[in-house]
Amino acid sequence: IDDARQIRAHRPWDQAKSKADYAAKIKQISGSPIRWRYAISSSFLPAYTQVLQSAVRVETLRQLALTAIAIRRHQLCHGLLPPELASLTPQYLKTPTYDPMSGGSLQYRPGQNGDFLLYSVGEDAQDNGGDPQPMPGNKPGLWEGRDAVWPKDDT
């Protein structure tokens, strides 16, 4: 629960993930005389990090979607893209959007012809400038890229 609270408090995913790695704790307890006290907990802990990772990914997608919608609403009302994400609050977003992967703000750059670049730094928490190219050995996909980039609008 504390790990989920850290993420909700805008702590970066890589910090929460390192604290959520219970493999060493389980290994230490499994050899102790009190291991029976943790029998049920130890059976669930291996999947815990995966569940937490899924929740962070979903929240990141939610933040990207809310922000993309707000950007388009701003564009429809004013005829141009917002110069920065901060200008979306409070008219289009109640609270500033954030990147659960970094704990900071999502990354945004307005482009030419009404397009924009919106992205999360991804699970490695490294800003690669909105590079959607997969890491070596990965197949293409939102979470396999160097950054998690919101898809471009082809309208």
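The following exercises, each with a worked solution, concern a predicted model of one protein.

**Exercise 1. Confidence of the model**

State the average pLDDT of the protein, and identify which element has the lowest mean pLDDT and which the highest.

Solution. Begin with the protein as a whole: its pLDDT averages 79, and 67% of the residues score at least 70. Next, turn to the elements. Helix H2, residues 13-19, has the lowest mean pLDDT, at 61. Strand E1, residues 107-110, has the highest, at 94.

**Exercise 2. The sheet**

Determine the order of the strands in the open sheet and name the edge strands.

Solution. The open sheet consists of 3 strands in the order E1-E2-E3, and their pairing is antiparallel. E1 and E3 are the edge strands, since each pairs on one side only.

The pairing can then be followed strand by strand. Between E1 and E2 there are 4 bridges, in the antiparallel sense. Within this pairing, Tyr108 has Leu118 of E2 as its bridge partner, and Gln107 has Tyr119 of E2. E1 and E2 also form a hairpin, with 5 residues between them. In the turn of this hairpin, Asn113 has a positive phi of about 60°. On the other pairing, 2 bridges join E2 to E3, and these strands likewise run antiparallel. Here Ser120 stands opposite Ala148 in E3.

**Exercise 3. The surroundings of strand E2**

Establish how many residues of E2 are buried, and which residues lie on each of its faces.

Solution. First, count the residues: 5 of the 5 residues of E2 are buried, and the strand is mostly covered. Second, separate the faces. Phe116, Leu118 and Ser120 lie on one side, while Leu117 and Tyr119 lie on the other. Both faces are covered, as these residues are all buried.

Third, examine one residue in detail. Ser120 belongs to E2, which spans residues 116-120. Its relative accessibility is 0%, and therefore Ser120 counts as buried, the limit being under 20%. Neighbours within four places in sequence are set aside in the next step. The contacts of Ser120 are then Thr60, Leu64, Asp99, Met101, Leu106, Asp147 and Ala148. Ala148 in this list is also the residue that Ser120 faces in E3.

**Exercise 4. The nonpolar cores**

Find how many residues the largest nonpolar core has, and which element gives the most to it.

Solution. The largest nonpolar core has 13 residues. Those with the most contacts inside this core are Ile71, Leu85, Leu88, Tyr108, Phe116 and Leu118. Two or more residues come from each of helix H4 (39-78) and E2. H4 gives the most, with 4 residues.

Leu85 illustrates the surroundings of one core member. Not counting residues up to four places away in sequence, Leu85 touches Thr67, Ile71, Thr97, Ser105, Leu106, Tyr108 and Leu118. Apart from the largest core lies another, of 5 residues, including Val56, Val121, Trp143 and Ala148.

**Exercise 5. The salt bridges**

State how many salt bridges the structure holds, and locate the partners of each.

Solution. The structure holds 3 salt bridges. As a general principle, side chains of opposite charge can pair when their charged atoms come close.

Step one concerns Arg57 and Glu123, whose closest N and O atoms are 2.5 Å apart. Arg57 lies in helix H4 and Glu123 in the loop between E2 and strand E3 (148-149), so this pair ties together parts that are 66 residues apart in sequence. Arg57 is partly exposed because its relative accessibility is 24%, whereas Glu123, at 17%, counts as buried.

Step two concerns Glu59 and Arg62, with closest N and O atoms 2.9 Å apart. Both residues lie in helix H4, 3 residues apart, which is about one turn of the helix. Glu59 counts as buried at 17% relative accessibility, and Arg62 as partly exposed at 43%.

Step three concerns Arg146 and Asp131, whose side chains meet at 3.3 Å, N to O. Arg146 and Asp131 are each in the loop between E2 and E3, 15 residues apart. Arg146 is partly exposed, with a relative accessible area of 28%. Asp131 is also partly exposed, with 22%.

Technical notes:
Residues numbered from 1 in each chain as written. Predicted model: local features only at pLDDT ≥ 70, side-chain atom pairs only at ≥ 80, totals over all residues. Heavy atoms only, no water. Buried < 20%, exposed > 50% of the residue type's maximum accessible area, 1.4 Å probe, protein only. Contact = heavy atoms within 4.5 Å. Core = buried A, V, L, I, M, F, W, Y, C linked by side-chain atoms within 4.5 Å. Salt bridge = Lys/Arg side-chain N within 4 Å of Asp/Glu carboxyl O. pLDDT = per-residue confidence, 0-100. Pairing = 2+ DSSP bridges.
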